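Please read the points below with the structure open beside you. They go from one pair of helices to the wider contact between the chains, and then back to single helices.

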Amino acid sequence: MTQATFVVLTVAAALFTFRLCVGPSLADRVVALNGLVIVGMAAIATQAAHTAVGAFLPTLVAIALVGPISNGMIARFIEARKS
Amino acid sequence: MIGELLALAGATLVLLAAIGVVRFSEVLARLHALAKASTLGILLVLSGAAINLRDLNDVTSVVLAGALHLLASPPASNLVSRAVYLSMGLEGAVIDERATARHR
């Protein structure tokens, strides 16, 4: 079951990376990067639940805060830039 | 067992959001596809991990991460969509309610 979860997350990460490389505008790349952050959070949580080692879980708390805040910052940057 | 099933369901939601991000044609549609996964998908994965973990310290870390992400992710999506609207406008939209609203 955990292996299936990791396979699904890997396919999702590949699709997000494709959009990150291709995406025509900066907002597309921000969306894809947000998706990659979500995939990373899910991978950390799944790994911790599988091995019962919680050493990486404070990292999870940090990513859960830093990801959306950086998203908002880049949104302000897009808004200020005349395109 | 049930925790792993929850994690697999959340990962499937993230995969569906990734397919939507690749397949949809506009920025706002891609953002709409991703915003579902960033709330429901990640909450399913985190609750599955919280069910499987035994140590109380680990469980509180996971619950704190889920609460913070649930608090911070929807306003971030709102900021990004607002920035897209203000910088590019709406392409091919049938109705633009924000442009005709009395209070902006």
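**Notes on the helix packing**

1. H2(A) and H2(B) run roughly parallel to each other. This is a predicted model, and in it helix H2 of chain A covers residues 26-51 while helix H2 of chain B covers residues 27-52. Their axes come within 9 Å and cross at roughly 10°, and because angles under 35 degrees count as roughly parallel, the description follows directly from that crossing angle. Sorted by class, the residues in the contact of H2(A) with H2(B) are 16 nonpolar, 7 polar and 2 charged.

2. How many residues does each chain bring to the contact between chain A and chain B? Chain A brings 45 residues and chain B brings 49 residues. On the side of chain A that touches chain B, helix H1 (2-22), H2 and helix H3 (57-80) each supply at least two residues, and H2(A) gives the most, with 15 residues. That side of chain A divides into 31 nonpolar, 10 polar and 4 charged residues.

3. Within chain A, H2(A) also packs against H3(A), at an angle of about 175° and with the axes 10 Å apart. Since angles over 145 degrees count as roughly antiparallel, H2(A) and H3(A) are roughly antiparallel to each other. Among the residues that make this contact are Val30(A), Asn34(A), Val37(A) and Met41(A) of H2(A), together with Leu60(A), Ile63(A), Gly67(A) and Asn71(A) of H3(A). By class, the contact of H2(A) with H3(A) has 14 nonpolar and 5 polar residues, and no charged residues.

4. The length of H2(A) can be checked by simple arithmetic: at 1.5 Å a residue, its 26 residues should span 38 Å, and its end C-alpha atoms are 38 Å apart, which agrees. After H2(A) comes Ala52(A), whose phi is positive, near 60°.

5. What does the corresponding check give for H2(B), which has 26 residues? From its first C-alpha to its last, H2(B) reaches 37 Å, close to the 38 Å expected at 1.5 Å a residue. Where does H2(B) bend by about 30°? The bend lies at Ser38(B).

6. Finally, a word on confidence, which a careful reader should keep in view throughout. The mean pLDDT of chain B is 88, and 96% of its residues reach 70 or more, while the model as a whole scores ipTM 0.89 and pTM 0.89. Where pLDDT is low, the predicted coordinates should not be read in detail.

Terms used
Residues are numbered from 1 along each chain as its sequence is written. Chains are lettered from A and ligands numbered from 1 in the order in which they are written. This is a predicted model: local features need pLDDT of at least 70, side-chain atom pairs count only at pLDDT 80 or more; totals for chains, interfaces and linings use all residues. Axes are lines fitted to C-alpha atoms, for helices over the stretch in contact, and angles run from 0 to 180 degrees between N-to-C directions. Helices (H or I, at least four residues) and strands (E, at least two) are DSSP runs, numbered from the N terminus. Angles under 35 degrees count as roughly parallel, over 145 as roughly antiparallel, 65 to 115 as roughly perpendicular and the rest as oblique. Ala, Val, Leu, Ile, Met, Phe, Trp, Tyr, Cys and Pro count as nonpolar, Asp, Glu, Lys and Arg as charged, and the others, Gly among them, as polar. Two residues are in contact if their C-beta atoms, placed from the backbone, lie within 7 Å. The expected span of a helix is 1.5 Å times one less than its number of residues. The bend at a residue is the angle between axes fitted to the seven residues ending there and the seven starting there. pLDDT is the predictor's confidence in each residue, from 0 to 100.
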